Protein chains: 2
Amino acid sequence: MSEPKRWRVMLVDDHRILLDGIKTLLGSEPDMEIVAEAGDARMAMQLLTYVHVDLLVSDFSLPDTRHTDFLNELKVKFPNLPIVVLSMHDEPEIIRDVLNSGAKAYVMKSNSREELVKAMRHVMLGETYVSPEVALKLMQATQKTNSSALTEREIEIVKLIAKEYSNKQIADMLFISERTVESHRKNIFRKAGAHSVVGVMKYALEHKLL
Amino acid sequence: MSEPKRWRVMLVDDHRILLDGIKTLLGSEPDMEIVAEAGDARMAMQLLTYVHVDLLVSDFSLPDTRHTDFLNELKVKFPNLPIVVLSMHDEPEIIRDVLNSGAKAYVMKSNSREELVKAMRHVMLGETYVSPEVALKLMQATQKTNSSALTEREIEIVKLIAKEYSNKQIADMLFISERTVESHRKNIFRKAGAHSVVGVMKYALEHKLL
DNA sequence: TAGCAAATACCTAAAACAGGGTATTTTTAG
DNA sequence: CTAAAAATACCCTGTTTTAGGTATTTGCTA
């Protein structure tokens, strides 16, 4: 009988239990073969230099790197390696970041094993894939005209407020008058619907300005 | 040949892939049998009312409840059901919360499958169990005299400050004088080493007071 | 090039806050 | 029962912030 083509897969996840689980799960798929495992980005990069891998399935959050850093490094060193990202986050910003950083598929950990396998097969066919839940989240996000209405300068000032600088200090470091800072501040308050710095901070956190 | 006693296990985790993985993993253990699965606390509680379960293995974070709420509810309704908590968090406060809320074991998702199985067996023998990593974290924590130095009342006031209430408003809602609020506030600032509300907010976030 | 958004700057006045105290009552723990 | 810790309350003073304006300059774009 003819040997079926088996894709050589590398798994990256710092949660051993999940990693073991996925390995066992994929063991029953005839066209997949786990040839490498890593618990963090460093180990993954090292293994990739001497193990031939057709497909990489990686956790979104790794202990030793920020997600997009890892993806960007991979894009540079192994531009043809397709990547499926497994994540527990469903925030549109994160999903977008991941896909923009070169991942070919985004699957939630709350999805079924079938979704993961489906994503892997799609990716091996050169297609990108996001699970239905993820697609939904992305759709919803495009609806609301997000992005805070704050201008660049205002965001700059919000960041300085978050660092506990007073109006006077901010004025000094931006080489503008204290009056100007007050004006910006006033506009920030209005736009954020805040009545105290705390409100501005909440707004900044919600809109990921910090 | 004699039937070996198999423990009837229920798995609770909202990440299907992990759940499927663990199920497959435990499939090879001769003394464990997965008899129920749930993706959230509600479903778990329902299933427990009519499925006989010897041991519950639950994710720490579930979509529909705060961890300790679920554990407390279990303690009331099923006081004799031993629980192994699987978690990705290694913060001592969380570990302590979980164990204080009645869980018999705490295992990290980054631990090996053997750890999970070991924890389950220990628990079935009536013992408590934490994986070596977890034990280490707990040890380290007892060293530093942690817990914010803030008193109950001060924490209460920090929370109100975070909700953007002014001293006057806080005074009104706590039925104390504005002077008193100012005093508390002053002490909070001193203890937190802050020089503005933003500093207090950062302190509060770091010490998980909000 | 006319128009608009953004950034700049100033004025005023009330309110809130920060920081320095001190002092009394209530609670807690030894 | 007593000492310490916490909660309560007030005083004072100067500073900062908030909130309401108006106005000029700059840079982009239709």
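1. Chain A superposes on chain B by a rotation of 180° with 0.2 Å of shift along the axis, at an RMSD of 1.2 Å. That is the relation of a two-fold axis. The fit is by least squares on C-alpha atoms of residues with pLDDT of at least 70 in both copies. In chain A, the residue closest to the axis is A:G21, its C-alpha at 1.6 Å.

2. Some ground rules. This is a predicted model; local features need pLDDT of at least 70, side-chain atom pairs count only at pLDDT 80 or more, and totals for chains, interfaces and linings use all residues. Residues are numbered from 1 along each chain as its sequence is written, chains are lettered from A and ligands numbered from 1 in the order written, and side-chain values use heavy atoms, without hydrogens and water.

3. The copies meet through the same surface, because 97% of the interface residues of chain A are also interface residues in chain B. Contact here means heavy atoms within 4.5 Å.

4. Now the DNA. There are 16 residues around DNA strand C; A:T151, A:R153, A:S177, B:R185 and B:K186 come nearest. Sugar and phosphate make up 57% of the strand C atoms that come within 4 Å of the protein. A residue is near the strand if one of its heavy atoms lies within 4 Å.

5. By class, this surface has 8 polar, 5 charged and 3 nonpolar residues. Helix α9 of chain A gives the largest share, 4 residues. At least two residues each come from α7 (152–162) and α9 (178–192) of chain A and from α9 (178–192) of chain B.

6. Individual contacts reach both phosphate and base. A polar side-chain atom of A:T151 is 2.3 Å from a phosphate oxygen of strand C. For A:H184, a side-chain N or O atom is 2.9 Å from a phosphate oxygen. A:S183 places a polar side-chain atom 3.0 Å from a base nitrogen.

7. Salt bridges number 31 over all chains, counting a side-chain nitrogen of Lys or Arg within 4 Å of a carboxyl oxygen of Asp or Glu. A:R16, A:D20, A:K23 and A:E37 are linked in a network of them.

8. Two bridges involve a Lys109. A:K109 pairs with A:D59 at 3.2 Å. This joins the loop between β5 (105–108) and α5 (113–124) to strand β3 (residues 55–59), 50 residues apart. Both A:K109 and A:D59 are buried (under 20% relative accessible area, 1.4 Å probe, protein chains only). In chain B, B:K109 pairs with B:D13 at 3.6 Å, and both are buried.

Conventions. Polar contact = N/O pair within 3.5 Å; in protein donor to acceptor, adjacent residues only side chain to side chain. Nonpolar A, V, L, I, M, F, W, Y, C, P; charged D, E, K, R; others polar. Buried < 20%, exposed > 50% of the residue type's maximum accessible area, 1.4 Å probe, protein only.
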